[in-house]
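Trainee: I would like a close look at a single part of this chain, and at how that part sits in the whole. Please take me through it in one connected answer.

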Amino acid sequence: MPVSWFLAVPLAALLLLLAVLAAVTGWRGRAGTLRRSGRLGVHTEASELTDNAFALANRVAAPILLAAAAVFGLGGVLVLALRLPTAATLVVFAVALVGGMLLLRSAAALGQRAAASLPRPLTKQDRPAGCDGCACGAGGCAVKALKQGAN
């Protein structure tokens, strides 16, 4: 006996909602239009340091996010279209949900790794002692500090 619509529709709706969210995040991350102040995207410690780190993390995560969207979307369509028995429908739902979530997690991990590979911005403690009052910006004191650290 095929699964009841009262079970299949909410399960498929959840998977399709996750597919849309993952797809939007993937496309906007790939295009570089995600903002750090928003809720979508890779929000890790390393990706939150600078706008460039956030953009890089989301650009790296984008293809995997799009793959997760495909897994969620395919699972949602299969739950509705196949009209399997209840147990088989729940298995299809669980495989799609777990598979998509694992892809989301790997996308976040790769984005975090990419953002962590960028040089950290200098904090006040990292700057040389004579730079407290100068107004030379990142091009002056930051360059001096990096050169001193390399020597």
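**Helix 2 and its surroundings**

Mentor: Helix 2 is followed by Arg 83, whose phi is positive, near 50°. That is the far end of the part I will describe, and the account works back from there. Keep in mind that the model is predicted. The mean pLDDT of the chain is 87, and 80% of its residues reach 70 or more. Confidence is highest in helix 1, at 97, and lowest in helix 4 (residues 141-150), at a mean of 52.

First, the setting. The chain has four helices and zero strands, and its pattern along the sequence reads α-α-α-α. Of the 151 residues, 29% are buried. Among contacts with a separation of 6 or more, 68% join residues 24 or more positions apart.

Now helix 2 itself, which covers 51-81. Its 31 residues, at 1.5 Å a residue, should span 45 Å, and because the end C-alpha atoms are 42 Å apart, the two values agree. The helix does have a kink of about 45°, placed at Ala 62, shortly before the proline Pro 63.

Just past the helix, Leu 82 belongs to the loop between helix 2 and helix 3. Leu 82 has a relative accessibility of 44%, so it counts as partly exposed. Its C-alpha atom is separated by 9.5 Å from that of Val 3, although the two residues are 79 residues apart along the chain.

Val 3 also appears in the largest nonpolar core, a set of 12 residues that includes Leu 15, Ala 68, Phe 72, Val 79, Phe 93 and Ala 96. Helix 1, helix 2 and helix 3 (86-116) are the elements that each give two or more residues to this core. Helix 1 supplies the largest share, six residues. Leu 15 shows how the pieces meet: leaving aside neighbours within four places in sequence, Leu 15 is in contact with Phe 72, Gly 73, Gly 75, Gly 76, Val 79, Phe 93, Ala 96 and Leu 97. There is also a second, separate core of nine residues, with Ala 53, Ile 64, Ala 107 and Ala 115 among them.

Ala 53 leads to the other end of helix 2. Ser 47 is found in the loop between helix 1 and helix 2. Its relative accessible area is 0%, so Ser 47 is buried. The side chain of Ser 47 reaches the backbone oxygen of Val 42 at 2.8 Å. Beyond four places in sequence, the contacts of Ser 47 are Arg 36, Val 42, Ala 53, Phe 54, Ala 57, Gln 112 and Ala 115. Two of these, Ala 53 and Ala 115, are named in the second core as well.

A residue of helix 1 completes the picture. Thr 25 lies in that helix, which runs over residues 5-31. Thr 25 counts as buried because its relative accessibility is 7%, under the 20% cut-off. A polar atom of the Thr 25 side chain lies 2.7 Å from the backbone oxygen of Leu 21. Apart from neighbours within four places in sequence, Thr 25 is in contact with Leu 34, Leu 40, Gly 41 and Leu 65.

How values were computed:
Residues are numbered from 1 along each chain as its sequence is written. Side-chain values use heavy atoms; hydrogens and water are left out. Buried means under 20% relative accessible area, exposed over 50%, partly exposed in between (1.4 Å probe, protein chains only). A polar contact is a pair of N or O atoms within 3.5 Å; within protein, one must be able to donate a hydrogen and the other to accept it, and residues adjacent in sequence count only if both atoms are side-chain atoms. Contact means heavy atoms within 4.5 Å. A nonpolar core is a set of buried Ala, Val, Leu, Ile, Met, Phe, Trp, Tyr and Cys residues joined through side-chain atoms within 4.5 Å. The expected span of a helix is 1.5 Å times one less than its number of residues. The bend at a residue is the angle between axes fitted to the seven residues ending there and the seven starting there. pLDDT is the predictor's confidence in each residue, from 0 to 100.
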